[in-house]
Amino acid sequence: MDLSGLLGPFAWLVHVAAGFAIPFIAMLYFSPVGRSASAVLRVLAVVTVLSVLGAPWLVHPAAGMLLGYFGSRAFSHWRESQGGLMMALVAAAAFMALGATWLIFPLFFMALGWVLSGGPRRGGRRSRRRRAAQPAADIASALPEQASGTPVNAVAAVVDGPLAAFVRDERLPPEARAQLAALNLRTREALDLLRDQGQDGSEAGYVARAVREEYAPAAVQAYLKLPRSMADITPLQDGKTGRALLAEQLEILLDGVQDIMNTALRTGGQELLTHGRFLRERFAKIPEELKVK
């Protein structure tokens, strides 16, 4: 169905609107709201209306971004975006009906790769980002009752050290600030634990300090150099925005510090077990010694 003739001499306005629709579509696809079915439905409505009004070319970039949407959502904890992905399948069928018939081939191979890479199992795992933000949520729940503001701002009020300024920086996404608060907590705990075990000068201690003083600040500073209007909506790599890449890098650092803590815990646990065996052997002899000959 082509309704372009209804606009007469103003038909060119449809192409202008379609041009402005492209960044709007990208924002909906790749921002956090893209997890919902309603966001994908809005994209489908915009593309359909503008296509039938005289800008049929719009369906092709929209379909290309839809492939990026599937790649970024389906291959990483797809259950969190299950509603959006189901609506995206409907949108894919509609785009093919509007002229993007080529979409079926990359979709088929992407679905095949998703299945072969363990996609269905991946969806059942707990989100690493949620795990990363959890220590910050724990801090927020432990704050005094008079603390005000959002949980992230409340956490920022009690964070100290080299990451404190970044946790308070409102240019950063809330989830990144929560991850930085978690990094501050974990690195400080890891360094205290290593110091108590006499390993403050070890490689693990060096890595924990580097995460706290160099690696995390470098990731944040790289994000802050991006244009503010594009940092959270424009894909930079594999369909991921600057915001998503920052969160991914902070997750890697969180996992690295957690590995250091796990190793230190095993070391301390081994000492505790050894001491327990010594106590059992030492005091097990006492009843024998107290027996009357």
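User: Patches join residues with over 30% relative accessible area and no salt bridge, like charges within 9 Å and nonpolar side chains (Val, Leu, Ile, Met, Phe, Trp, Tyr) within 5 Å. What accessible area do the residues of the nonpolar surface patch have together?

Analyst: This is a predicted model, where local features need pLDDT of at least 70, side-chain atom pairs need 80 or more, and totals for chains, interfaces and linings use all residues. Numbering starts from 1 along each chain as its sequence is written, and side-chain values use heavy atoms, without hydrogens or water. Ile104, Phe105, Phe108, Phe109, Leu112 and Leu116 form the patch. Their accessible area (Shrake-Rupley, 1.4 Å probe, only the protein chains shown as cover) is together about 700 Å².

User: Is Leu116 buried or exposed?

Analyst: Leu116 lies in helix H5, residues 104-116 (a DSSP run of H or I, at least four residues; strands are E, at least two; both numbered from the N terminus). Buried means under 20% relative accessible area, exposed over 50%, partly exposed in between (1.4 Å probe, protein chains only). At 69%, Leu116 counts as exposed.

User: Which residues are linked with Arg243 in a network of salt bridges?

Analyst: A salt bridge puts a side-chain nitrogen of Lys or Arg within 4 Å of a carboxyl oxygen of Asp or Glu. Glu175 meets Arg243 at 2.6 Å between the closest N and O atoms; Glu175 lies in helix H10 and Arg243 in helix H12, so the pair ties together parts 68 residues apart in sequence. Arg243 also bridges to Asp232 at 3.7 Å, N to O. The network thus links Arg243 with Glu175 and Asp232.
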